[in-house]
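Here is a short briefing to read alongside the structure. Please keep the view open as you go through the points.

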Amino acid sequence: MAKNILVTGGAGFLGSHLCERLINEGHNVICLDSLQTGYKQNIAHLLQHPRFEFIRHDICDPIRLEVEEIYNLACPASPPHYQKNPVGTTKTCVLGSINMLGLAKRNNAKILQASTSEVYGDPKVHPQVEEYRGDVNPIGIRACYDEGKRCAETLFFDYYRQHGTRIKVMRIFNTYGPKMDPDDGRVVSNFIVQALQGKDITIYGDGSQTRSFCFKDDLLDGMQALMNSDDSITGPINIGNPIEFTIKELAEAVIAQVDTTSKIVYEPLPSDDPTRRKPDISKAKEILGWEPSIKLEEGLKPTIEYFAKLLAGEISL
């Protein structure tokens, strides 16, 4: 049965893929995006579709719509973007969540919050379980995002307890795939672009810090599984790939797939950059029946192909 679904941040990396999925499933989709970090080109192929509507709007400002489900993905998600306007980032997390929760409350709609593994900060528990409360610097340069997302989770659960709002909270771990912004400063896009351009691949720190990388198709499967779960399942639930790689291993995997003369160079580690990041996905497996299936080498191939076309001018942002 077709639903009226709102996707905030719908012109971004994950949001645009989600909009396309929902349209293909037969739903009516409203895509809300300020285009601060999203690109209209990401949804250009959907603009003429009769069941798709794009509205340029900042969720820090209220909006009235009639919807049955809300995927709240709106927020700059990479350090260069969210640190560029840290006050704006916090506002998006806090005021944006209040506005979207209010919209969900008025519509009795189900609402999913795209939270983040950054709520764990630089974790002292490994792998990270949902019960771990994190180790976050509240006054550091990453706090606008880390603490903003933590406050958003607080708001979601307070709306659930106080108003009975139907909420879902997922904590997203590193995700990659086509339509990533080449200038977003994330490690996968950085390494691929540098390799394709024949530049040295820059590793911050000694390369021993770890991340787990989830391909966007696996991530969206988990996101939809959570949204479609029973109302009693609120989360938070980790969604990510539990296979851990060092940053150096990622750089070597990219070099192996790109015909490049790039060498690896090392720079100092930025402030508050977490040294280890890996999800415990026991809850996702048990409650949602979800776990990722796409290996890093498989996911890198279409991602590299996308960036190669982008750099060659075959597609544009």
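A residue is called buried when its relative accessible area is under 20%, exposed when that area is over 50%, and partly exposed in between. By that rule, R142 and E118 are both buried, and these two residues come back below as salt-bridge partners. Please bear in mind that this is a predicted model.

**Overall fold**

- The protein chain contains nine helices and 13 strands.
- How does the radius of gyration agree with that of a compact globule? For 317 residues a compact globule would come out near 20 Å, and the protein chain has 19 Å, so the two agree.
- Measuring along the principal axes, the C-alpha trace spans about 55 × 45 × 40 Å.
- Of the contacts between residues at least 6 apart in sequence, 81% join residues that are at least 24 apart.

**Surface and charge**

- Buried residues account for 54% of the 317 residues in the protein chain.
- The accessible surface is about 13,700 Å², and carbon and sulfur atoms contribute 48% of this surface.
- The protein chain carries 35 positive and 42 negative charges, and the mean positions of the two sets lie 3 Å apart.

**Helix α5, a mostly covered helix**

- Helix α5 runs over residues 187–196, and eight of its 10 residues are buried.
- Those buried residues are V187, V188, S189, F191, I192, V193, Q194 and A195.
- Which elements do the buried residues of α5 pack against? They pack against two strands, β7 (175–176) and β8 (201–204), and two helices, α7 (247–257) and α9 (296–311).
- After α5 comes G198, which has a positive phi near 75°.

**Salt bridges**

- The whole structure holds 14 salt bridges, and three of them are described here, beginning with the pair E69 and K3.
- In the bridge between E69 and K3, the closest N and O atoms are 2.9 Å apart. E69 belongs to strand β4 (residues 69–72) and K3 to the segment before β1 (4–8), so this pair ties together parts of the chain that are 66 residues apart in sequence.
- Is E69 buried or exposed? E69 has a relative accessible area of 4% and is therefore buried, whereas K3, at 25%, counts as partly exposed.
- R142 bridges to E118, with 3.0 Å between the closest N and O atoms. Both residues sit in the loop between β5 (110–116) and α4 (143–163), 24 residues apart, and the pair links distant parts of the chain.
- R142 and E118 are also part of a network of salt bridges that takes in R277.
- K124 pairs with D135, and here the closest N and O atoms are 2.5 Å apart. These two residues also lie in the loop between β5 and α4, 11 residues apart.
- How exposed are the partners in this pair? K124 is exposed, at 68% relative accessible area, while D135 is partly exposed, at 30%.

**To take away**

- The loop between β5 and α4 holds both ends of the R142 and E118 bridge and both ends of the K124 and D135 bridge.
- In the first of these bridges both partners are buried; in the second, K124 is exposed and D135 is partly exposed.

Notes: Residues numbered from 1 in each chain as written. Predicted model: local features only at pLDDT ≥ 70, side-chain atom pairs only at ≥ 80, totals over all residues. Heavy atoms only, no water. Helix = DSSP H or I, 4+ residues; strand = E, 2+ residues; numbered from the N terminus. Rg over C-alpha atoms; globule rule 2.2 N^0.38 Å. Buried < 20%, exposed > 50% of the residue type's maximum accessible area, 1.4 Å probe, protein only. Contact = heavy atoms within 4.5 Å. Areas by Shrake-Rupley, 256 points an atom, 1.4 Å probe, with all protein chains shown as cover. Lys, Arg positive; Asp, Glu negative; His and termini not counted. Charge placed at Lys NZ, Arg CZ, Asp CG, Glu CD. Salt bridge = Lys/Arg side-chain N within 4 Å of Asp/Glu carboxyl O.
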